[in-house]
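Q: Please explain the terms used for the spaces and contacts in this structure, and set each value against its definition.

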Amino acid sequence: MGTSRPVTVLEGVRCGQRANGTAAVLALGTSNPANCVRQDKYADWYFRVTKSDHLAQLKDKMKRICEKSGIAKRYFYHTKEMIGGHPEFLDRALPSLRTRLGITTAAMPELAAAAARKAIAEWGRPAADITHLVVSTSSGVSSPGADVRLAALLGLRPTVHRIMHCLHGCAGGSVALRLAKDLAENNLGARVLVVGVEATALAFRGPDLDALLAMALFGDGAGAAVVGAGPMSSVERPVFRMVLASQATLQGTDNAVGIKVTESGLHFKISPEMPKMVRDSIKGCLADTLAPFGLASDLNGLFWAAVPASPAILGSYQTGLGLEPGKLAASQRVLCEYGNMLAATIFFVLDEMRCRRGSGNKEERENCEWGVMLAMGPGITVEMMVLQAADTGKED
Ligand SMILES: CC(C)(COP(=O)(O)OP(=O)(O)OC[C@H]1O[C@@H](n2cnc3c(N)ncnc32)[C@H](O)[C@@H]1OP(=O)(O)O)[C@@H](O)C(=O)NCCC(=O)NCCSC(=O)CC(=O)O
């Protein structure tokens, strides 16, 4: 009896701190820098900007990769003029990290703020009501980071709880959303602003066999979401309920994808084996996550919000999961319109999926109540989240 009162008090305090119900995405926003390069012109642009037109074989290979990329256009913070002003970006013998970090650290807060302002406007409450800020990027490793300047630009409270995490590659936005779910569900009244932002000037380099793929796929942008759990205010409208989040690391794939910070900028290593590794393991990874809901037996009865890292990775999802054509259409559209924007991409996919749910176009319309958010990053790490579209489902 002597110890029962403190335990009860502690339990009461613990329960009182928790939110009421499942976290949900309450609003979304996206943005891109102004410089838009069409993918059918990219090889010409890239070899001209890097003064490499004499490397005819590499240029032809780049053209073939671009043709197969499923991308129509991409946006970049860097421009021909900016690259032209930094010869050290093209000569790996020269250090360029400090200059590159200066550029991306200056670029990211404004880019992120443009997306975040849209999300906050849609959310309908004042920016000062944001309690937590989670920022993900592979375009910077400075401290204080882009999150501090972003908080100031948006007028967030000085007491906002900030987390910034770096170098999770294509999975960065999904990691941030998983953290936001935990924060929202475990802190009564929390409203988490989640941001993925990329300015790939940190990785821009001249052509060689290793660089071509990253140069052909990656683009710049920012995505933002406001995440919260109950009780909701009268202006808040859930878009997707974030039902269950999980992460798996594919065994024996440590060397398949890597991101290294070097004196000459960010270096991506992407194994040609990655699509096969993903195809062979993705169904098994998802089985445990989907089983509690009885969703594992009908994967075509779900909506799919997958990060379109590349056409080959989308192909691996389609084959590995046995998905019907069209199930990855939202991801394909984002890849086509923007390329792979690493941490920012998932917010564009969720936004596209939300539009498709309300679309008057029968071909594009997506009606499934339950869905999966999916991304791969270095590790190889698989980020998964079971979503319930709030326009169809009722929270239990
Ligand atoms: C590059 C592709 C668009 C090419 O499409 P196809 O395979 O249909 O076409 P294809 O076979 O004719 O290949 C066209 C040319 O691309 C080359 N090629 C193919 N895969 C390559 C790779 N991983 N690295 C370098 N070059 C590659 C081929 O050799 C070929 O050159 P040639 O014509 O000279 O013979 C595709 O293979 C693809 O999407 N690959 C990327 C897969 C991937 O691992 N993505 C991960 C992104 S990063 C990520 O997800 C994690 C993260 O960063 O966090």
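Q: What makes the largest pocket the space taken by the ligand?
A: A molecule sits in a cavity or pocket if more than half of its atoms lie within 2 Å of its grid points. The ligand meets this rule, therefore the space that it takes is the largest pocket. The model is predicted, so local features need pLDDT of at least 70 and side-chain atom pairs count only at pLDDT 80 or more, while totals for chains, interfaces and linings use all residues. Residues are numbered from 1 along each chain as its sequence is written, and side-chain values use heavy atoms, with hydrogens and water left out.

Q: Why is this space called a pocket, and what is its volume?
A: On a 1 Å grid over the protein atoms alone, a pocket is an open set of points with protein on both sides within 12 Å along at least five of seven lines, whereas a cavity is a set where a 1.4 Å probe fits but cannot get out. The volume is the space filled by probe spheres set on the points, which are joined across faces, edges and corners; for the largest pocket this comes to about 680 Å³.

Q: Which residues line the largest pocket?
A: Lining residues have an atom within 4 Å of a point. There are 34 of them, and Leu213, Leu217, Ile270, Ser271 and Ser310 lie nearest the centre. Elements that each supply at least two lining residues include α3 (56-68), α9 (274-290), α10 (311-321) and β12 (370-377); helices (H or I, at least four residues) and strands (E, at least two) are DSSP runs, numbered from the N terminus.

Q: How are the lining residues of the largest pocket divided by class?
A: Ala, Val, Leu, Ile, Met, Phe, Trp, Tyr, Cys and Pro count as nonpolar, Asp, Glu, Lys and Arg as charged, and the others, Gly among them, as polar. The lining has 22 nonpolar, 7 polar and 5 charged residues.

Q: What makes a residue part of the shell around the ligand?
A: One of its heavy atoms must lie within 4 Å of the ligand. The shell has 20 residues, and Lys61, Arg64, Lys68, Cys170 and Ala312 are the closest. α3 gives the most, with 4 residues. By class the shell holds 14 nonpolar, 3 polar and 3 charged residues.

Q: Why do arginine 64, lysine 68 and serine 310 count as polar contacts of the ligand?
A: A polar contact is a pair of N or O atoms within 3.5 Å. Polar side-chain atoms lie 2.5 Å from a ligand oxygen in arginine 64, 2.8 Å from a ligand oxygen in lysine 68 and 3.1 Å from a ligand nitrogen in serine 310. Each pair is therefore a polar contact. The protein buries 73% of the 1,000 Å² that the ligand exposes when taken alone, with areas from the Shrake-Rupley method and a 1.4 Å probe.

Q: How many cavities of 30 Å³ or more are there, and what lines the largest cavity?
A: The count comes to 3. The largest cavity has about 70 Å³ of space, and its lining includes Tyr42, Phe76, His78 and Thr200. That lining divides into 7 nonpolar, 2 polar and no charged residues.

Terms used. Polar contact = N/O pair within 3.5 Å; in protein donor to acceptor, adjacent residues only side chain to side chain.
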